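These are my notebook entries on what I looked up in a structure that is new to me. I wrote them in the order in which I went through it.

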Amino acid sequence: MSLPISKYVWFDGKFTTLDKAKVPITTHAIHYGTSVFEGIRAYWNENNLFIFRLDEHVKRFRKSGQFYNISLNFSDQAISNAIIGICEKNKIKKSCYIRPFYFVGDYGINLHVTEKAPTNVAIFTFPFGDLFSKNGITAGVGSWRKFSDMSNPPQAKMGGNYLNSIIATQEAKRSGYDEAILLDHNGNVSEAPGENIFIVREEQLITPPLSSSALNGITRDAIIKIAKNLNIDVTETEISRSELVISDEIFLTGTAAEITPIISMNGKKIGDGKPGHITKKMMKEYTDIVMNKNQNYSDWLTAVY
Ligand SMILES: Cc1ncc(COP(=O)(O)O)c(C=O)c1O
């Protein structure tokens, strides 16, 4: 699948065209997965383009590399400016996805990656709508476990980590599901390959803690804050696999997936097989917030123009 990437990209401090942003085949990240990335969305509301929670994404971007001593040789301000700049330079007036990433460059076959290893940084963007159907998707618990802190840091958004997501997705698709759910090393629910998970039980939201190897998702955090402001109880606690199928509602959260209802789990209908009322409420709030229709959350938005 080739993406409709916008003409201008940002590469090592400069705007250039996509065809000129090239790296050699000896790039370390291609061999060992030593890349760090973020996924960010910007929303066009007919007046302006709003980048959602830019500061939080830039903070996590730097932190991910620190787990592996991979240097991001640009300040947070420079990265933020480049992200805003890529939208401006391409004159984007459509909702889009922005992908900043950095990676170990020409470093031979050396596994001793230090802060001194050369890195490259790039940012590109493309127009983006819904990742999944907002009417709900099917999901199933697969046999592959989410990796834990016993093997890799789950909080590092690193290229190599996503092989776990890829193999879980392949299995889910083979089983006929739209999306996989991974259990953690103890057999509790962790998350989906690229999304956090929430269940609803008796009008309360429950989501696995970070100790279940769930990524500290920025959308997860937004949902926790939004729910609290709506006086909906939120608990971060372990969820067993059997609790999933008897949930009143289930939804996924993520930059790409936004709020996606799960209407069937392991082949069993969730609720009445349609997005539940709390899920719908969270979807509505989230859409209003990203479109700058709810001034209580306007500090989560960075206007491009
Ligand atoms: C493994 C994983 N979990 C959860 C998420 C959701 O995180 P966020 O809401 O910050 O996009 C993502 C996406 O970044 C992810 O890759």
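Entry: Glu258. I began with how far Glu258 is covered in this predicted model, and I noted that Glu258 counts as buried because its relative accessible area is 9%, where buried means under 20%. I placed Glu258 in strand 15, which covers residues 258-265. When I looked up its backbone, I found a phi near 50 degrees, which is a positive value in a residue other than glycine. I kept in mind that most residues other than glycine have a negative phi. I also found that Glu258 is linked with Arg41, Asp130 and Lys134 in a network of salt bridges.

Entry: Asn266. I then turned to Asn266, which has a phi near 55 degrees, again a positive value in a residue other than glycine. Asn266 lies in the loop between strand 15 and strand 16, the latter being residues 268-269. Is Asn266 buried, partly exposed or exposed? I wrote down partly exposed, because its relative accessibility is 33%.

Entry: salt bridges. How many salt bridges does the structure hold? I noted 12 of them, and I looked at several pairs in turn, remembering that side chains of opposite charge can pair when their charged atoms come close.

The pair I took up at this point was Glu38 with Arg60, whose closest N and O atoms are 2.8 Å apart. Glu38 is in the loop between strand 3 (35-37) and strand 4 and Arg60 is in helix 2, so this pair ties together parts that are 22 residues apart in sequence. I recorded Glu38 as buried, because its relative accessibility is 0%, and Arg60 as buried too, with a relative accessible area of 12%.

I went on to Asp76 and Arg62, which form a salt bridge with their closest N and O atoms 2.7 Å apart. This pair links distant parts of the chain, with Asp76 in helix 3 and Arg62 in helix 2, 14 residues apart. For Asp76 I noted a relative accessible area of 31%, so I list Asp76 as partly exposed.

For a pair within one helix, I looked up Lys225 and Asp221, which form a salt bridge with the closest N and O atoms 2.9 Å apart. Both lie in helix 5 (residues 218-229), and they are 4 residues apart, about one turn of the helix. Lys225 counts as partly exposed at 37% relative accessibility, and Asp221 is partly exposed as well, with a relative accessible area of 22%.

Entry: Glu38 again. I wanted to know what surrounds Glu38, so I set aside its neighbours within four places in sequence and listed its contacts as His57, Arg60, Phe61, Tyr97, Ile98, Arg99, Pro100 and Lys157. I also compared C-alpha positions and found that Glu38 and Thr255 are separated by 9.5 Å, although they are 217 residues apart along the chain.

Entry: nonpolar cores. Which residues touch the most other members of the largest nonpolar core? Among its 31 residues, I noted Ile51, Ile79, Ile83 and Ile98. The elements that give two or more residues to this core are strand 4, strand 5, helix 2 (54-66), helix 3 (76-89), strand 6 and strand 7. Helix 3 gives the most, with 6 residues. I followed Ile79 further and found that, not counting residues up to four places away in sequence, Ile79 touches Trp10, Val58, Phe61, Leu72, Phe74, Val121 and Ile123. Apart from this core lies another one, of 24 residues, among them Phe198, Ile224, Met282 and Tyr297.

Entry: a surface patch. I next looked for nonpolar side chains at the surface, and I found that Tyr32, Ile109 and Leu111 make a nonpolar patch of about 370 Å². Leu111 is found in the loop between strand 6 (96-104) and strand 7 (119-127). I recorded Leu111 as exposed because its relative accessibility is 64%, where exposed means over 50%.

Entry: Asn45. My last look was at Asn45, which lies in the loop between strand 4 (40-44) and strand 5 (49-52). What does the side chain of Asn45 reach at 3.0 Å? I found the backbone oxygen of Met291 there. Leaving aside neighbours within four places in sequence, I listed the contacts of Asn45 as Phe50, Met291 and Asn292.

Conventions: Residues are numbered from 1 along each chain as its sequence is written. This is a predicted model: local features need pLDDT of at least 70, side-chain atom pairs count only at pLDDT 80 or more; totals for chains, interfaces and linings use all residues. Side-chain values use heavy atoms; hydrogens and water are left out. Patches are made of residues with over 30% relative accessible area and no salt bridge: like charges are joined within 9 Å, nonpolar side chains (Val, Leu, Ile, Met, Phe, Trp, Tyr) within 5 Å. Accessible areas come from the Shrake-Rupley method with a 1.4 Å probe; for residues, only the protein chains shown count as cover. A salt bridge is a side-chain nitrogen of Lys or Arg within 4 Å of a carboxyl oxygen of Asp or Glu. Buried means under 20% relative accessible area, exposed over 50%, partly exposed in between (1.4 Å probe, protein chains only). A polar contact is a pair of N or O atoms within 3.5 Å; within protein, one must be able to donate a hydrogen and the other to accept it, and residues adjacent in sequence count only if both atoms are side-chain atoms. Contact means heavy atoms within 4.5 Å. A nonpolar core is a set of buried Ala, Val, Leu, Ile, Met, Phe, Trp, Tyr and Cys residues joined through side-chain atoms within 4.5 Å.
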